[in-house]
Amino acid sequence: MTTLPPDPALKLILGSGSPRRLELLAQIGITPHDIRPPDIDEDPANGEVPRDYVNRIARQKAAAVRISAEEVALCADTTVALGRRIMGKPADASEAAQFLTLLSGRRHKVITAIAVKRGDRIWQKDVQSTVAVKRLSSAEIDWYLATGDWQGKAGGYAIQGPASVFIPWLNGSFHAVMGLPLPETAGLLTAAGYPITGGTR
């Protein structure tokens with residue numbers, strides 16, 4: 001991966017409306033200069049496998065964010081994969097219940113792809129984690145749905161919220177399951193010439 005020299009004048013644009021990604025960036029001392037979530041079609045293509053899907057969406061998000069020569073854009077996409085099935089954000093509580101029922105008592109993969117754009121160049125990487133969900137009762141699913149925490153979450157749950165009580169085992173990156181793997185994100189930003197020194201620029 002080609003690394004550009006650091007440019008302290010670069011400003012970071014977060015191409016995501018996710019409050020979780022904002023919180024994760026704050027953990028490494030980064031506050032984006034601006035937030036510009038792109039509007040793209042996130043429907044999977046026919047026969048598209050989860051890893052290809054999430055990488056394509058992250059790259060398309062980065063391509064869609066408008067930036068100046070003094071800016072670098074960070075985009076990401078996370079999906080839950082049960083085998084070849086892509087489990088995105090549930091449309092309603094009924095679909096969230098279906099997702100949780102399918103995940104109950106099984107292991108699944110969570111894949112987060114990140115894409116960093118500077119000028120016409122894009123640096124990209126994905127991180128895959130395996131998550132185990134304990135066997136869930138109907139009462140447990142109903143309790144979780146009532147929290148509302150499933151809304152806007154791939155697979156219908158968030159590992160850092162109330163659903164954490166359902167997850168006894170994780171192999172991979174906790175931050176990636178949340179939506180932004182921090183070591184890989186820092187590496188891509190560094191490659192694009194954005195110095196990881198903290199603060200707002």
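A residue is called buried here when its relative accessible area is under 20%, exposed when that area is over 50%, and partly exposed in between. The exercises below use this wording for a predicted model.

**Exercise 1. Describe the chain as a whole: how many helices and strands does it have, and what share of its residues is buried?**

Begin with the inventory of elements, which comes to six helices and nine strands. Next apply the definition above to the 201 residues of the chain, of which 49% turn out to be buried. For the overall dimensions, the C-alpha trace spans about 55 × 35 × 25 Å along its principal axes. A compact globule with 201 residues would have a radius of gyration near 17 Å, and the chain, with 17 Å, agrees with this. The accessible surface comes to about 9400 Å², and carbon and sulfur atoms hold 50% of that area. Finally, consider the contacts between residues with a separation of 6 or more: 68% of them join residues 24 or more positions apart.

**Exercise 2. Find the residues that touch the most other members of the largest nonpolar core, and follow one of them, leucine 12, to its place in the chain.**

The largest nonpolar core has 43 residues, and those touching the most other members are Leu12, Tyr157 and Leu180. Separate from it is a second core of 15 residues, with Tyr53, Ala62, Ala113 and Ala115 among them. In soluble globular proteins, nonpolar side chains tend to be buried together. Turning to leucine 12, we find this residue in strand β1, and its relative accessibility of 0% means that it counts as buried. Although leucine 12 and tyrosine 194 are 182 residues apart in sequence, their C-alpha atoms are 7.8 Å apart in space.

**Exercise 3. Determine which residues of helix α1 are buried, and what covers them.**

Helix α1 runs over residues 19-27, and its buried residues are Arg20, Arg21, Leu24 and Leu25. Around the axis they cover an arc of only 135°, so they lie on the same side of α1. An α-helix has 3.6 residues a turn, so residues three or four places apart point the same way. The cover over the buried residues of α1 includes the strands β1 (11-14), β2 (30-31) and β4 (71-82), together with the helices α5 (174-178) and α6. Helix α6 itself, at residues 182-191, has Leu182, Thr185, Ala186, Leu188, Leu189 and Ala191 buried, and glycine 193, with a positive phi near 95°, follows this helix.

**Exercise 4. Work out which residues of helix α4 are buried, which exposed residues its opposite face carries, and what its buried residues pack against.**

In helix α4, which covers residues 138-147, the buried residues are Ile141, Tyr144 and Leu145. Viewed down the axis of α4, these residues fall within an arc of 100°, and therefore line one face of the helix. The face turned away from the buried side carries the exposed residues Ala139 and Ala146. As for the packing partner, the buried residues of α4 pack against α3 (93-103). After α4 comes glycine 148, with a positive phi near 80°.

**Exercise 5. Which residues form one aromatic cluster, and how are their rings arranged?**

A search of the whole structure finds three aromatic pairs. In the pair of tryptophan 143 and tyrosine 144, the ring centres are 6.5 Å apart and the planes stand at 50°, so this pair is tilted. Tryptophan 143 also pairs with phenylalanine 166, edge-to-face, at 5.9 Å centre to centre and with 80° between the planes. Because tryptophan 143 lies in helix α4 and phenylalanine 166 in the loop between α4 and β8 (169-171), this second pair ties together parts that are 23 residues apart in sequence. Now compare accessibility: tryptophan 143, at 43%, counts as partly exposed, whereas tyrosine 144, at 0%, counts as buried, and phenylalanine 166, at 4%, counts as buried. The cluster is thus made up of Trp143, Tyr144 and Phe166.

**Exercise 6. Decide whether asparagine 55 is buried or exposed, and name the residues it touches.**

Asparagine 55 belongs to helix α2, at residues 50-64. Its relative accessible area is 16%, so asparagine 55 is buried. Leaving aside residues up to four places away in sequence, asparagine 55 touches Ala113, Gln124, Lys125 and Asp126. The C-alpha atom of asparagine 55 is separated by 9.0 Å from that of isoleucine 111, 56 residues apart along the chain.

Definitions and conventions: Residues numbered from 1 in each chain as written. Predicted model: local features only at pLDDT ≥ 70, side-chain atom pairs only at ≥ 80, totals over all residues. Heavy atoms only, no water. Buried < 20%, exposed > 50% of the residue type's maximum accessible area, 1.4 Å probe, protein only. Helix = DSSP H or I, 4+ residues; strand = E, 2+ residues; numbered from the N terminus. Arc of directions from axis to C-beta. Contact = heavy atoms within 4.5 Å. Core = buried A, V, L, I, M, F, W, Y, C linked by side-chain atoms within 4.5 Å. Rg over C-alpha atoms; globule rule 2.2 N^0.38 Å. Areas by Shrake-Rupley, 256 points an atom, 1.4 Å probe, with all protein chains shown as cover. Phe/Tyr/Trp six-rings, centres within 6.5 Å; stacked < 30°, edge-to-face > 60°.
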